[in-house]
Amino acid sequence: MRLSTIGYYFREAFSSLVRNSWLSLASVGTVTVSLLILGFSLLLVLNADRMAATLESSVEISAFLHSGVKQAQITSLEQEIKALPGVTEVRYVSKEQALTEMRQSFGQRKDILDGLDKDNPLPDAFRIKTQQAGQVPGVAAKIQTFSGVDEVRYGRGVVEKLLAVTHWIRVAGMAIMIALAAAAVFLISTTIRMSVFARRREISIMKFLGATNWFVRFPFLLEGMVLGLAGSLLAGLAVYFGYFSLARHVNETLPFIPLVTGMQYLLIMLGGLIALGLLIGALGSAISIRRFLNV
Amino acid sequence: MIRFYGVSKVYQNGVTALNNINLHIRKGEFLFLVGPSGAGKSTLTKLIFREELPTRGQVIFSGKNVARMRHGEIPYLRRKIGMVFQDFRLLPQKKVWENVAFALEVTGVSRREIKRRVPEALKMVGLEDKAGMLPTQLSGGEQQRVGIARAMINNPSLLVADEPTGNLDPETSWELMNLFQEINQRGTTIIMATHAWDIVDKLKKRVVALNCGQIVRDEEGGGYRDEA
């Protein structure tokens with residue numbers, strides 16, 4: 001393909017965009033909104049999945065001990081718990097250790113915990129892990145009966161609830177995205193139909209001058225793809241900056257929520273949004289080219 | 001150069017435009033197609049550049065069967081045929097030279113080549129000093145000259161003109177006919193559908209008269225009407 005021909009395609013495509021500027025704007029807007037929703041629901045799902053995984057791997061039983069339990073009793077309790085079927089790991093956490101761990105998870109806000117060193121309210125505890133999450137309730141019930149154990153806790157139902165939520169986010173996000181993408185395809189095809197109509201005289205002249213079918217079609221395909229690309233770039237920018245300012249906020253105020261900020265995920269996602277925008281544009285113009293461009 | 005073998009054309013609405021046409025047009029000929037409106041003149045020209053397909057029969061152009069041509073070949077057929085229309089078919093928003101350049105642009109000719117060939121074509125039709133004007137600023141005769149320059153810029157071996165002087169006054173028509181004759185003398189075959197009886201009578205070229213889709217006369221050096 002010659003350079004002058006490529007130049008011709010772009011000139012034609014852009015002059016059409018300017019001619020139908022209102023409709024072009026509407027198409028771009030629809031692509032933007034649909035991809036924006038897709039982008040944010042993907043991020044939501046990604047984060048919820050991450051959170052669910054974190055929680056699932058940390059479904060452990062905490063057995064808090066009465067204060068004043070002797071070291072010898074602690075050792076024998078540890079043996080007893082280890083002997084229970086399904087238990088894979090038992091870790092003793094003294095009250096001092098517990099306070100240090102808590103400080104770490106609070107990060108920059110650890111100053112809240114200042115002053116607790118002298119009068120540490122946290123109890124000594126065992127952290128117990130099981131082979132499977134399903135064994136947790138049984139093991140927990142048994143540990144409760146041991147003497148010296150004050151209270152037994154585990155994250156009952158949290159994981160299940162979170163997974164159900166991510167499922168619904170996924171379904172709803174997909175449904176809205178598909179509906180809006182369909183609207184975007186329709187709007188783009190209308191835009192292209194208008195520009196085919198505006199240029200029908202030129203098209204008929206091109207045909208008797210011996211232009212190949214693809215030469216006639218290509219500017220229209222390009223026009224649709226430019227619309228899709230513009231929409232997806234806007235959506236991508238909004239997702240990128242929106243999400244990062246959100247992540248920074250969350251990091252400052254709620255440091256224990258582990259948001260995904262890895263660039264590798266985000267770049268893949270932004271690339272995907274742009275590819276999808278191009279696809280929507282190409283599909284919209286292909287429909288109109290097939291139906292209205294009789295070449 | 002072109003042969004029609006038993007060509008008939010029946011349109012979708014049932015109108016028979018052409019009925020069993022047999023015609024041989026030789027290279028370098030200047031041929032007038034005459035006949036009343038609706039006799040099938042336009043249909044005949046449209047069959048040559050595959051604007052229409054024959055219902056029956058074959059159309060052979062330069063040894064190729066136009067009717068059996070694949071879709072992808074049609075553009076390359078049309079690049080070998082120059083076309084001139086009664087309504088000029090210029091693009092009003094493009095300047096004169098851009099209109100002529102368009103014929104090269106759509107076939108992927110380079111900018112440099114376009115810049116070289118467009119002035120030549122405009123010079124041939126005598127419009128070199130109006131290259132920068134818009135078609136609407138030109139007279140009808142001048143607009144048709146732009147159409148001819150565009151048709152000739154690819155050096156086609158055949159020029160098909162469908163009533164090229166239909167919208168022009170007699171004097172302008174004669175000027176254009178001189179141009180067509182020049183083009184013909186340089187070796188381009190010309191097929192011209194026309195109602196301009198005075199031109200046909202005076203030029204004494206080959207005349208093919210159509211009536212109700214049939215050839216009723218095919219006469220070398222003939223007039224617009226049957227002498228008899």
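Two residues are in contact when they have heavy atoms within 4.5 Å of each other. Keep that cut-off in mind as you move through this predicted model, beginning at the place where the two chains meet.

**Stop 1: the interface**

Select chain B together with chain A. On the chain B side, 23 residues are in contact with 19 residues of chain A. About 1,800 Å² is buried between the two chains, and carbon and sulfur atoms give 59% of that area. Now pick out B:Arg78, B:Phe102 and B:Val106: they supply 26% of the area that chain B buries against chain A, more than any other three residues.

Next, look for charged pairs across the boundary. How many salt bridges are there between chain B and chain A? The count is 1. To see a salt bridge here, show the side chains of A:Arg11 and B:Glu105, which meet with N to O at 3.0 Å. Polar contacts between chain B and chain A come to 4 residue pairs, with both residues at pLDDT 80 or more.

Switch to a cartoon view of chain B to place these residues. Helix H2 (74-78), strand S6 (81-85) and helix H3 (96-105) of chain B are the elements that give two or more residues to the side touching chain A. Colour that side by residue type and you will find 11 nonpolar, 5 polar and 7 charged residues.

**Stop 2: the two domains of chain A**

Now hide chain B and colour chain A by domain. Domain 1 takes in 3-55 + 159-292, while domain 2 covers 60-154. Draw a line between the C-alpha centres of the two domains of chain A, and the separation is 51 Å.

Within chain A, go to A:Leu36 in helix H2 (residues 21-57). Is A:Leu36 buried or partly exposed? A:Leu36 has a relative accessible area of 24%, so it counts as partly exposed. Add A:Leu234 to the selection: 198 residues separate it from A:Leu36 in sequence, yet the C-alpha to C-alpha distance is 8.5 Å. Leaving out residues up to four places away in sequence, A:Leu36 touches A:Ala235, A:Ala238 and A:Val239.

Move on to helix H7 (residues 200-208) of chain A, where A:Glu202, A:Ile203, A:Ile205, A:Met206 and A:Phe208 are buried. Just after this helix, stop at A:Gly210, which takes a positive phi of about 90°.

For the last stop in chain A, show A:Arg91 and A:Glu101, whose side chains meet in a salt bridge with N to O at 3.4 Å. A:Arg91 belongs to strand S2 (residues 87-93) and A:Glu101 to helix H4 (residues 95-106) of chain A, 10 residues apart. A:Arg91 is partly exposed at 33% relative accessible area, and A:Glu101 is also partly exposed, at 29%.

**Stop 3: helices H5 and H6 of chain B**

Bring chain B back and centre on B:Glu142, in helix H5 (residues 140-152). At 17% relative accessibility, B:Glu142 counts as buried. Which backbone nitrogen does the side chain of B:Glu142 reach? It is that of B:Ser139, at 2.9 Å. Beyond residues up to four places away in sequence, B:Glu142 touches B:Leu127 and B:Lys130.

Staying with helix H5, select B:Arg145 and then B:Glu175, which form a salt bridge with the closest N and O atoms 3.7 Å apart. B:Glu175 lies in helix H6 and B:Arg145 in helix H5 of chain B, so the pair ties together parts that are 30 residues apart in sequence. B:Glu175 is partly exposed at 39%, whereas B:Arg145 is buried at 17%.

**Stop 4: B:Thr188 and a salt-bridge network**

Follow chain B past helix H6 (170-185) into the loop that comes before strand S8 (189-193), and you will reach B:Thr188. At 8% relative accessibility, B:Thr188 counts as buried. Leaving aside neighbours within four places in sequence, its contacts include B:Met152, B:Leu159, B:Ile183 and B:Glu29.

B:Glu29 leads to the final view. This residue is buried at 10% relative accessibility, and its side chain meets that of B:Arg26 in a salt bridge (3.4 Å, N to O). B:Arg26 itself is partly exposed, at 41%. Add B:Arg206 and B:Asp218 to the selection to see the network of salt bridges that links them with B:Arg26 and B:Glu29. To finish, display the salt bridges over all chains: the count is 20.

Key:
Residues numbered from 1 in each chain as written. Chains lettered and ligands numbered in written order. Predicted model: local features only at pLDDT ≥ 70, side-chain atom pairs only at ≥ 80, totals over all residues. Heavy atoms only, no water. Buried area = accessible area lost by both parts, 1.4 Å probe. Salt bridge = Lys/Arg side-chain N within 4 Å of Asp/Glu carboxyl O. Polar contact = N/O pair within 3.5 Å; in protein donor to acceptor, adjacent residues only side chain to side chain. Helix = DSSP H or I, 4+ residues; strand = E, 2+ residues; numbered from the N terminus. Nonpolar A, V, L, I, M, F, W, Y, C, P; charged D, E, K, R; others polar. Buried < 20%, exposed > 50% of the residue type's maximum accessible area, 1.4 Å probe, protein only. Domains from an automatic or database assignment.
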